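Here is a short report on how one sheet is put together. Please keep the structure in view while reading.

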Amino acid sequence: MSDEELKIYVTDLEGKNHEIPALEGWRVMEIIRDYGLPIKAECGGACSCATCHVHIDEEWIDKLYPPSEEEEDMLDMAYDVDDSSRLSCQIIMTPELNGLKLRLAPIMDA
Ligand code: FES
């Protein structure tokens with residue numbers, strides 16, 4: 001465990017940027033939710049709702065491990081999906097991801 005303070009940068013739906021403290025081993029979805037930004041994450045991180053959809057900043061896409069088949073299947077059901085789309089509950093915070101930048105995806109109200 002390093003004492004280095006980890007953070008991620010999140011752009012919310014209004015285009016506001018937030019620097020958010022992050023903890024190693026936490027899901028990025030949990031980090032965003034605990035900070036208080038509006039991320040639905042209905043299934044609580046079980047990869048079965050797609051309401052934790054985010055767009056990853058281009059320079060970070062290749063630094064993440066690729067999505068699992070389950071994640072890809074779930075993303076197929078999300079709204080506004082593109083090559084930068086990921087489910088934030090499937091990204092676990094590590095020191096290598098310090099400074100990760102992403103944007104919240106619009107939430108479709110059911
Ligand atoms: S929280 Fe449901 S898929 Fe991520």
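The text below covers the sheet, its strand pairs and a helix that packs on it.

This is a predicted model: local features need pLDDT of at least 70, side-chain atom pairs count only at pLDDT 80 or more, and totals for chains, interfaces and linings use all residues. Residues are numbered from 1 along each chain as its sequence is written.

Five strands form an open sheet in the order β2-β1-β5-β3-β4, with mixed pairing. Strands (E, at least two residues) and helices (H or I, at least four) are DSSP runs, numbered from the N terminus. Two strands pair if DSSP finds at least two bridges between them. β2 (17–22) and β4 (85–87) are the edge strands; each has a single partner, so one side of each lacks a neighbour in the sheet. From one strand to the next, the twist averages 40°. Angles run from 0 to 180 degrees between N-to-C directions, with axes fitted to C-alpha atoms, for helices over the stretch in contact.

Two pairings involve β5 (residues 100–104).

| Pair | Bridges | Direction | Residue partners |
|---|---|---|---|
| β3 (residues 53–56) and β5 | Three | antiparallel | valine 54 and leucine 104 |
| β1 and β5 | Four | parallel | valine 10 and leucine 102 |

Side chains alternate along β5. Leu100, Leu102 and Leu104 point to one face and are buried (20 or more other C-beta atoms within 10 Å of their own, C-beta atoms being placed from the backbone). Lys101 and Arg103 point to the other face and are not buried.

Helix α1 (residues 28–35) packs on the sheet and touches β1 (6–11) and β2. Contact means backbone-placed C-beta atoms within 7 Å. The direction of α1 makes about 115° with that of β2.

Conventions:
Two residues are in contact if their C-beta atoms, placed from the backbone, lie within 7 Å. A residue is buried if 20 or more other C-beta atoms lie within 10 Å of its own, exposed if 12 or fewer, and partly exposed in between; C-beta atoms are placed from the backbone.
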